Amino acid sequence: MAFSPRFAALLAALVAVGSPFGLSAKRWNANAPRRARPNSPALMVFSGIVEEMGDVVSLTHDKEMTMWDGSVGRGTELVVDGPVAATGAYIGCSIAVNGVCLTATALEIDDRAQRFSLGLSPETLRRTNLGELVEGAKVNLERSLAADGRNSGHYVQGHVDGTGTVQKTWVEGDSLWVEIAAPPDLLACIVPKGYIAVDGTSLTVCDVTDESFTLMLIEHTQKCIVLPLRDIGDAVNLEVDVIAKYARRSVGDFEALSKRVADLEAKLDKLAA
């Protein structure tokens, strides 16, 4: 079958760019068998259903930490008191603090306290509000979801995308409205009636504007999470739905492909003129 020069050029452009999902054309085989990984571990994430509000015991900056090779680095350590989150905890387990998936590095569990220590990396401090915590502050706590556990929220990774700012709150009946400003790149992944994790709480988006989004807290939720305690201007951790992030990435790849095809067509039209 013969192709016109114009179609052949467009086909070459498609092969050069690859699929919208970034797969090389020569490597993509729709009929290839799909092999499951043997003994692959069950997925365990968070649900966004806060188990308790814990208390910050301390936040220590510039603390000496022994690294893998025996050298000493300096980092940040957060210590939290939370009896529910500490139940079943062990060194190396994951605990979400204000929606941030952190690793327990030390435990102090006795009759007086149930505390655990967590290391905060520079990336965590840049992306979240954890660096602003002070002694006595309340934080949302959730243990990682068991593989066979009931998920009453949505799949929350604990990988915070960035922070938003509380803009306004008001009451309607027994519900509390909250308006949160967010960066444009995160707002692009937020849709009305979609999921959003705010300080680790799985919530439903009500409305979205060019600069912010709103949500509503029922009476029960108000008493179980830290969001109603926030002042206007306070930072809150935001994690958008991961499916929205993948969809946006795919659309971006397709738009790039479309642009390259359009540019190629323009060049062909110019040569034909």
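**Entry 1: Lys168 and the tryptophans.** I began with Lys168, which in this predicted model lies over the face of Trp170, at 5.0 Å from the ring centre. I then followed Trp170 to its ring partner and found that it is stacked with Trp177, with 5.4 Å centre to centre and 5° between the planes. A search for further pairs gave nothing to add, since the structure holds one aromatic pair.

**Entry 2: accessibility of the pair.** I looked up how far each ring residue is covered, and noted that Trp177 is buried because its relative accessible area is 13%, under the 20% limit. Trp170, at 30% relative accessibility, counts as partly exposed because that value falls between 20% and 50%.

**Entry 3: cavities.** I searched the whole structure for cavities of 30 Å³ or more and recorded two, of which the largest has a volume of about 50 Å³. Its lining includes Phe46, Val50, Leu141, Val156 and Asp199, and I noted that strand E6, residues 138–143, gives the most to that lining, with three residues.

**Entry 4: confidence.** I checked pLDDT last: the protein averages 84, and 82% of the residues score at least 70. Among the elements, strand E8 (residues 175–181) has the highest mean, 98, whereas helix H1 (residues 5–17) has the lowest, 49. Over residues 14–43 I found pLDDT staying under 50, and for this stretch the model has 16 contacts beyond four places in sequence. I leave those contacts without further reading, because predicted coordinates should not be read in detail where pLDDT is low.

Conventions
Residues are numbered from 1 along each chain as its sequence is written. This is a predicted model: local features need pLDDT of at least 70, side-chain atom pairs count only at pLDDT 80 or more; totals for chains, interfaces and linings use all residues. Side-chain values use heavy atoms; hydrogens and water are left out. pLDDT is the predictor's confidence in each residue, from 0 to 100. Helices (H or I, at least four residues) and strands (E, at least two) are DSSP runs, numbered from the N terminus. Contact means heavy atoms within 4.5 Å. Rings of Phe, Tyr and Trp (its six-membered ring) pair if their centres lie within 6.5 Å; planes under 30 degrees apart count as stacked, over 60 as edge-to-face and the rest as tilted. Buried means under 20% relative accessible area, exposed over 50%, partly exposed in between (1.4 Å probe, protein chains only). A charge sits over a ring if NZ of Lys or CZ of Arg is within 6 Å of the ring centre and within 35 degrees of the ring normal. On a 1 Å grid over the protein atoms alone, a cavity is a set of points where a 1.4 Å probe fits but cannot get out, and a pocket is an open set with protein on both sides within 12 Å along at least five of seven lines; lining residues have an atom within 4 Å of a point. Grid points are joined across faces, edges and corners, and a volume is the space filled by probe spheres set on the points.
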